[in-house]
Amino acid sequence: MAPTHVLRCCQRGLAWIPVIFIALVVCWSYYAYVVELCILTIHNTGEKFIYLVVFHLSFIMFVWSYWKTIFTRPANPSKEFCLPKSEKEQYEKEQRPETQQEILKRVATSLPLYTRTGAGAVRYCDRCQVIKPDRCHHCSACDMCVLKMDHHCPWVNNCVGFSNYKFFILFLTYSLVYCLFIAASVLQYFIKFWTSDLPESHAKFHVLFLFFVAAMFCISILSLFTYHLWLVGKNRSTIEAFRAPVFRNGPDKNGFSLGFSKNIAQVFGDQKKYWLLPVFTSQGDGLSFPTRLVTIDPEQPTECLQPGVLDKGAVEGPAEQTSPVSEPQNRLLANDYHSEDEHKETDVLKSDESEAVTISIESES
Ligand SMILES: [Zn+2]
Ligand SMILES: [Zn+2]
């Protein structure tokens with residue numbers, strides 16, 4: 001076995017440590033709450049019953065959404081985003097970045113792309129050899145391009161992106177509910193043990209720690225949870241919050257925002273009965289997304305613009321200059337890349353390489 005392969009296997013194994021840590025804490029919390037608190041400490045049958053029912057409901061939802069976040073594979077760009085054989089051979093033979101860009105531009109005309117690199121080039125991943133769809137980024141930890149990549153989360157040892165973003169939000173929601181319920185229901189017994197109203201027993205240790213651990217997780221999850229709710233409301237990924245996506249008119253951090261309710265529906269779907277269940281209901285295919293606005297280019301024929309499903313409230317600026325576009329068809333963009341000088345095109349490729357980012361900004365515990 002090659003040394004690099006062994007190293008890679010070790011890295012993969014070590015990456016599960018945070019997940020195992022969370023799983024052990026959850027198993028202990030189950031034992032401490034059910035056995036030590038409900039069975040051994042609480043004597044009131046009614047109270048015991050209510051606590052056990054609510055606890056198990058929040059526990060099941062938490063474990064279900066956590067499981068789905070961990071084991072849902074990140075979605076990758078489809079075959080249409082790979083270069084056709086002849087273009088690929090041409091691209092690989094070609095040394096000049098500007099000619100390589102010409103090849104990419106030619107292929108991109110048939111793809112639903114609105115975004116470009118900071119310098120206006122077609123976004124291409126050399127590692128995966130694929131044209132990056134809008135909102136797609138290369139994750140160096142997973143070593144693949146991930147659709148609507150949000151960030152790579154070590155606590156789930158998975159990329160959070162188009163395929164599991166809803167599960168991730170629900171995981172945060174239910175972990176908050178789980179910790180809040182434990183902290184709230186344990187509080188009175190925590191005080192009783194502390195003030196010696198209850199006899200000394202080994203349950204004391206578990207109950208005291210249960211409260212501390214639940215309260216600590218609550219505080220750390222709350223900030224992450226509110227941040228992601230804010231992102232959902234704005235239809236922005238964590239990566240896009242740090243660096244606005246670049247459209248043909250330049251960077252626009254609200255480029256994918258369709259108005260609050262439509263932004264929520266993009267992640268959770270339009271059927272409210274499924275919102276709280278960790279089943280996939282996000283809208284779209286992850287390859288193309290409705291954009292808020294595309295400014296009409298006077299030189300472009302108007303039939304390129306299609307009337308959209310856009311929330312009128314989201315439209316800003318003079319109406320005659322802008323038009324809503326809902327179908328991400330990229331004729332406008334694809335034919336519109338005119339490099340002003342060759343240096344600019346060379347820079348483009350460099351800046352695109354820098355897009356291979358892994359954001360590990362988790363702070364759940
Ligand atoms: Zn890639
Ligand atoms: Zn990843």
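What volume does the largest pocket have? In this predicted model, the largest pocket has a volume of about 470 Å³. The tour begins there and then moves to the zinc ion.

**Stop 1: the pocket centre.** Select Arg-12, Ala-141, Cys-142, His-152 and Asn-157, which are the residues closest to the centre of the largest pocket among the 18 that line it.

**Stop 2: the pocket lining.** Next, colour the helices α1 (3-14) and α3 (45-71); each contributes at least two residues to the lining of this pocket. The greatest contribution comes from α1, which provides three residues. If the lining is coloured by residue character, 10 of its residues are nonpolar, five are polar and three are charged.

**Stop 3: the zinc ion.** Now select ligand 1, the zinc ion, together with Cys-125, Cys-128, His-138 and Cys-145. The three cysteines bind through their SG atoms and His-138 through ND1, at 2.0 to 2.3 Å from the ion. Along the chain, these donors follow the spacing C-x2-C-x9-H-x6-C.

**Stop 4: the geometry of the site.** Display the angles that the four donor atoms subtend around the zinc ion. Why is the arrangement called tetrahedral? These angles run from 103 to 125 degrees, and four donors count as tetrahedral if all angles lie between 85 and 135 degrees; the arrangement is therefore tetrahedral.

**Stop 5: two donors and their strands.** Finally, select strand β1 (residues 124-125), which holds Cys-125, and strand β3 (residues 137-139), which holds His-138. Because the two donors lie in these strands, the pair ties together parts that are 13 residues apart in sequence. Are Cys-125 and His-138 buried or exposed? Both Cys-125 and His-138 are buried.

Definitions and conventions. Residues numbered from 1 in each chain as written. Chains lettered and ligands numbered in written order. Predicted model: local features only at pLDDT ≥ 70, side-chain atom pairs only at ≥ 80, totals over all residues. Heavy atoms only, no water. Donors = N, O, S within 2.8 Å, 3.2 Å for Na, K, Ca; no water. Tetrahedral: all angles 85-135°; square planar, octahedral: opposite > 155°, others 65-115°. Helix = DSSP H or I, 4+ residues; strand = E, 2+ residues; numbered from the N terminus. Buried < 20%, exposed > 50% of the residue type's maximum accessible area, 1.4 Å probe, protein only. 1 Å grid on protein atoms, 1.4 Å probe; cavity = no way out; pocket = protein on both sides within 12 Å on 5 of 7 lines; lining within 4 Å. Points joined across faces, edges and corners; volume = space filled by probe spheres on them. Nonpolar A, V, L, I, M, F, W, Y, C, P; charged D, E, K, R; others polar.
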